[in-house]
Amino acid sequence: MEEIQSQSDNYRSSSSSASSPASRVPSSNFFYLRKPGSLRQPISFEDSPEWEDTDIDVRVEEGGDSIHIATPASPSLSKLNSGSLPSPPLPESAIFARKIAGASIVWKDLTVTIKGKRKYSDKVVKSSNGYTLPGTMTVIMGPAKSGKSTLLRALAGRLHNSAKMYGEVFVNGTKRHLPYGSYGFVERETTLIGSLTVREFLYYSALLQLPGFFCQKKSVVEDSIHAMSLGDYANKLIGGHCYMKGLPSGERRRVSIARELVMRPHILFIDEPLYHLDSVSALLMMVTLKKLASTGCTLIFTIYQSSTEVFGLFDRICLLSNGNTLFFGETLACLQHFSNAGFPCPIMQSPSDHFLRAINTDFDRIIAMCKNWQDDHGDFSSVNMDTAVAIRTLEATYKSSVDAAAVESMIIKLTDKEGPLLKSKGKASSATRIAVLTWRSLLIMSREWKYFWLRLVLCMLFTLCVGTVFSGLGHSLSSVVTRVAAIFVFVSFTSLLSIAGVPAHLKEIKIYACEESNQHSGALVFLLGQLLASIPFLFLISVSSSLIFYFLIGLRDEFSLLMYFVLNFFTCLLVNEGLTLVVASIWQDAFWSILTLVCIHVLMMLSAGYFRLRSALPGPVWTYPLSYIAFHTYAIQGLLENEYIGTSFAVGQVRSISGYQALRSAYDISPNSNSKWGNLLVLFLMAVGYRILVFVLLRFRVRKNVSACRFFQCSQNTNDAR
């Protein structure tokens, strides 16, 4: 204790300009706008919801800066009505009244452990207590690796399968999981579709999430656009297209939040809403979220650091450090807590900066460096505090404070009585989701020139080059070997060009992972939608390339043979698309995916039977299994059988040989006239097999929600985790 006291005295002396928060309250700053004397009071029960009357009647007046709430509100809600900040732009004639049933969350003795190399030993969150109420914003703050995101995921029931949760979590007074549609979760980094406008993106999201008819979801989309103040950007492309500029980072972050608002959730979880935002965008974002909370929605999010203005919009703060709760309560009470512990906030410093400065162990390295430096005025005395001592002091002070006792009393009050049951709003049917994903993918592919249009141009140019190089072969016996080479080059290198679509496939997988984590999509729905959308473009590539190659090379002029050539090449492209999706699903990285696909294609070309007949290949590896799993083998065999089975070549003036005999020295094919359909069937089965493999990979490789971490399955006591 003497060490703690000495360190506290040193830090207090280094902040001589600091004073208590009560003496530093500027009358004109909305951040400190509170009732006189409320700063030193513990958390009151006036914010506790009454379950019999939980609806909040909200009315936003056109052009007004204030939100009028019929039910008694927390004093912290009055900060927005001070007029210090401009309101986000509201739509024209935005006069509406809506009753939204709020939802409260209470967590008691919540502990989360992460699986190490041998056992669940690393505690990320340690015996945390807290609550959040309807119509308020609760922020989880702390330095990096303090357990902020883990606590947020634990409350939402979205922990990774390597984590275990102990303790109790209550929703409206009872232990139950959050049903689909009752909450929204916004990841720190979300994947948006840049080739869609904001309105299109939200509309397709609504179609994937909500049941009912298409026309009924337009109003929901417009409400989410207005709620996040995206009216000026509704018809702009998210990521830009051609010469159109994309959305700024702040508006992109708003779009990711608006996607969750189409469900009109009771609770909204946001991981780092100010991620990659500048100070102005961050302030506008928080003002928008403040007005959203004023409609009755419960907001809980994590944040690393904020300005003074942003900090003033929070209602409650949960301060973490190394998984320990250093404070939970109202934001201004946190300032008083630091002052009581001997760490008052200096006048010219942001409260969040001050909090993180006191509890971030990374500052110890700065202190160690500064001790070896001197400036014109001597030592750097302003950074001479031991962070570990500050953390122990703050934790001990909080456990014995009236704030901790008030939290326990509020938890008892909120869990003593059951509130309204949150019900699922229903999901869109699988058929509807497949249709929506198919149409959306068609729209994306038609707008993204790098997706299929570039491949179409490359394939046509390459086919034109190959066709002109091998043109004028004629139909003599001497042209057989050269024509085999032309068909091999055509199949092999056009398939190799499809690797250009790897970035687009990776983007699709990321979009699927984001939508699947929120239960907006599924592996089967995604695969069927992607397959149906890609068929027209692949067929366009196969038709255009086949027509150029077929007539330049001088293959037999029969319509049925031409159609088989197109169908064979189309099926070959389907197989190649499936292979690309498999590799992309495994690596989920562009560099390694492209490198792996190049190696696979090279190995398949070597074992396809062109450079050396399959019967002459070494048995292990090259014949079994490579030559049998290479789709090049069956595609080339089918095309050669289509061209030469049933034909004959004259040898001299009397003797003639069949096309099968002419090919024996160049490529192994079957003499059966129906064997080409067998090769086509093998290609089709390969396409189906690769899609099934992608389905399995998406189900087990992509991170999913873990049902074992839902609220109602917290079966162990916190004492077991200690």
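1. Let's start with residues 480-502: the C-alpha atoms at the two ends of this span are 35 Å apart, and 83% of the span is helix, with 0% strand. Keep in mind that this is a predicted model. Residues 452-474 can be read alongside: here the end C-alpha atoms lie 34 Å apart, with 78% helix and 0% strand. Both ranges come from the UniProt record, an unreviewed entry, which lists them under "transmembrane region" together with 523-553, 559-583, 590-611 and 677-698.

2. Two of those listed ranges bring us to a salt bridge. Arg455 and Glu577 meet through their side chains, at 2.8 Å from N to O. Arg455 sits in helix H14 (residues 449-469) and Glu577 in helix H18 (residues 559-587), so this contact ties together parts that are 122 residues apart in sequence. Both partners, Arg455 and Glu577, are buried.

3. For the wider count, the whole structure holds 12 salt bridges. Another of them joins Glu187 and Arg158, with an N to O distance of 3.3 Å. Glu187 belongs to the loop between strand S8 (183-186) and helix H3 (198-209), while Arg158 belongs to the loop between helix H2 (148-156) and strand S7 (163-171), so the pair connects parts 29 residues apart in sequence. Glu187 and Arg158 are both buried.

4. You may also want to look at Lys290 and Asp315, whose closest N and O atoms are 3.1 Å apart in a salt bridge. This pair links distant parts of the chain, 25 residues apart: Lys290 is in helix H6 (residues 279-294), and Asp315 is in the loop between H7 and S11. Are these partners buried or exposed? Lys290 has a relative accessible area of 1% and counts as buried because the cut-off is under 20%. Asp315 is likewise buried, at 1% relative accessibility.

5. Finally, a word on helix H8 (residues 331-340), which is mostly covered, with 9 of its 10 residues buried. The buried set includes Leu332, Cys334, Leu335, His337 and Phe338. What do the buried residues of H8 pack against? Their neighbours are four helices and two strands by name: helix H7 (308-311), helix H9 (351-359), helix H11 (387-399) and helix H12 (402-415), plus strand S11 (316-321) and strand S12 (324-330). After H8 comes Gly342, with a positive phi near 100°.

Technical notes:
Residues are numbered from 1 along each chain as its sequence is written. This is a predicted model: local features need pLDDT of at least 70, side-chain atom pairs count only at pLDDT 80 or more; totals for chains, interfaces and linings use all residues. Side-chain values use heavy atoms; hydrogens and water are left out. UniProt positions are given in the numbering used here, feature names are shortened, and annotations may be inferred rather than shown by experiment. Buried means under 20% relative accessible area, exposed over 50%, partly exposed in between (1.4 Å probe, protein chains only). Contact means heavy atoms within 4.5 Å. A salt bridge is a side-chain nitrogen of Lys or Arg within 4 Å of a carboxyl oxygen of Asp or Glu.
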